[in-house]
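Reader: I am new to this structure. Could you take me through it in short questions and answers?
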Amino acid sequence: MRGPRTWGAVPWLVTGLSLMGVPSATAAGGTVQDLGSFGNATRTYDINAQGQVVGGAKSSITHGTHPFEWTGSRLRDLGSLADTSEALGINDAGQAFGYYLSYAPGGGLGGFFWDGSHQRDIGSLDSNWAQPADMNQRGQITGNAALPGSGLSTHAFRWTPGTGGSTGDLRIYR
């Protein structure tokens, strides 16, 4: 992973506009390739050494955004734990992480881990706000989370994937 992600307009230009119907184009000494969409806007956030790409895509059917993985031929919908969700990063093992946002009463912001076949909620320290920021090659996710009753005060966390059916281990650092 390469540190903090930027939420700019460039990813929208590459995938969201579908390059105006052009499957690939040469630009600035390289090739730009249209990765497709689910029928509406699509944006990318990360690429690993194998060329797998992750991001978020809006469907023409649903109102929210779903996380996706692109592996060279098509977008794969990773599903969503809430109203809207996007994959923010992918490691070389094909594990991805991202956020989800629930608009339901009592809902909030949380993080998820994708192991290549299943999506898991990483937890939120018993609050309704946890923001994942990065993931390493072992699938450990770091970010910030609010503690119950702490208002806007946040603490750093590290989540480690579990084994044998465990959902994982979320640790707070004060």
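Reader: Which residue in β12 is the bridge partner of D134?

Author: This is a predicted model. Strand β11 covers residues 130-135, and strand β12 covers residues 141-146. The two pair in the antiparallel sense over five bridges. In one of these pairings, D134 has as its partner in β12 the residue T142.

Reader: Which residue in the turn between β11 and β12 has a positive phi?

Author: The two strands form a hairpin, with five residues between them. One residue of that turn has a positive phi of about 85 degrees. That residue is G139.

Reader: What is the mean pLDDT of the protein chain?

Author: The pLDDT is the predictor's confidence in each residue, from 0 to 100. Of the residues in this chain, 74% reach 70 or more. The mean for the chain is 78.

Reader: Where is the pLDDT below 50?

Author: Where pLDDT is low, the predicted coordinates should not be read in detail. One stretch falls below 50, and beyond near neighbours in sequence it has 48 contacts in the model. Those contacts call for caution, because low pLDDT means the coordinates should not be read in detail. The stretch is residues 1-22.

Reader: In what order do the four strands of the open sheet stand?

Author: The pairing in this sheet is antiparallel. β3 and β6 stand at the edges, each with a single partner strand, so one side of each is left without a neighbour in the sheet. Neighbouring strands are turned by 35 degrees against each other on average, direction ignored. The order is β3-β4-β5-β6.

Reader: Which residue in β6 is the bridge partner of W70?

Author: β5 and β6 run antiparallel, joined by three bridges. Strand β6 spans residues 75-77. The partner of W70 there is L75.

Reader: How many salt bridges are there?

Author: One joins E86 and R43, with the closest N and O atoms 2.9 Å apart. Another joins the side chains of E69 and R76, at 3.6 Å from N to O. The count comes to two.

Reader: How many residues apart are E86 and R43 in the chain?

Author: E86 lies in strand β7, residues 84-90. R43 lies in strand β3, residues 39-47. The pair links distant parts of the chain, 43 residues apart.

Reader: Is E86 buried or exposed?

Author: Buried means under 20% relative accessible area. E86 has 1%, so E86 falls under that cut-off. Its partner R43, at 22%, counts as partly exposed. The answer for E86 is buried.

Reader: What is the relative accessibility of R76?

Author: R76 meets E69 in a salt bridge. E69 is buried, with a relative accessible area of 6%. R76 counts as partly exposed, and its value is 30%.

Reader: Which side chain does H66 join through a polar contact of 3.0 Å?

Author: H66 is found in strand β5, residues 65-70. Leaving out residues up to four places away in sequence, H66 touches G55, G56, A57, D77, G79, S80 and S85. The side chain in the polar contact is that of D77.

Reader: How far apart in space are T44 and G56, C-alpha to C-alpha?

Author: T44 sits in strand β3. At 18% relative accessibility, T44 counts as buried. T44 and G56 are 12 residues apart in sequence. In space, C-alpha to C-alpha, the distance is 6.5 Å.

Key
Residues are numbered from 1 along each chain as its sequence is written. This is a predicted model: local features need pLDDT of at least 70, side-chain atom pairs count only at pLDDT 80 or more; totals for chains, interfaces and linings use all residues. Side-chain values use heavy atoms; hydrogens and water are left out. Contact means heavy atoms within 4.5 Å. A salt bridge is a side-chain nitrogen of Lys or Arg within 4 Å of a carboxyl oxygen of Asp or Glu. Buried means under 20% relative accessible area, exposed over 50%, partly exposed in between (1.4 Å probe, protein chains only). A polar contact is a pair of N or O atoms within 3.5 Å; within protein, one must be able to donate a hydrogen and the other to accept it, and residues adjacent in sequence count only if both atoms are side-chain atoms. Two strands pair if DSSP finds at least two bridges between them. Axes are lines fitted to C-alpha atoms, for helices over the stretch in contact, and angles run from 0 to 180 degrees between N-to-C directions.
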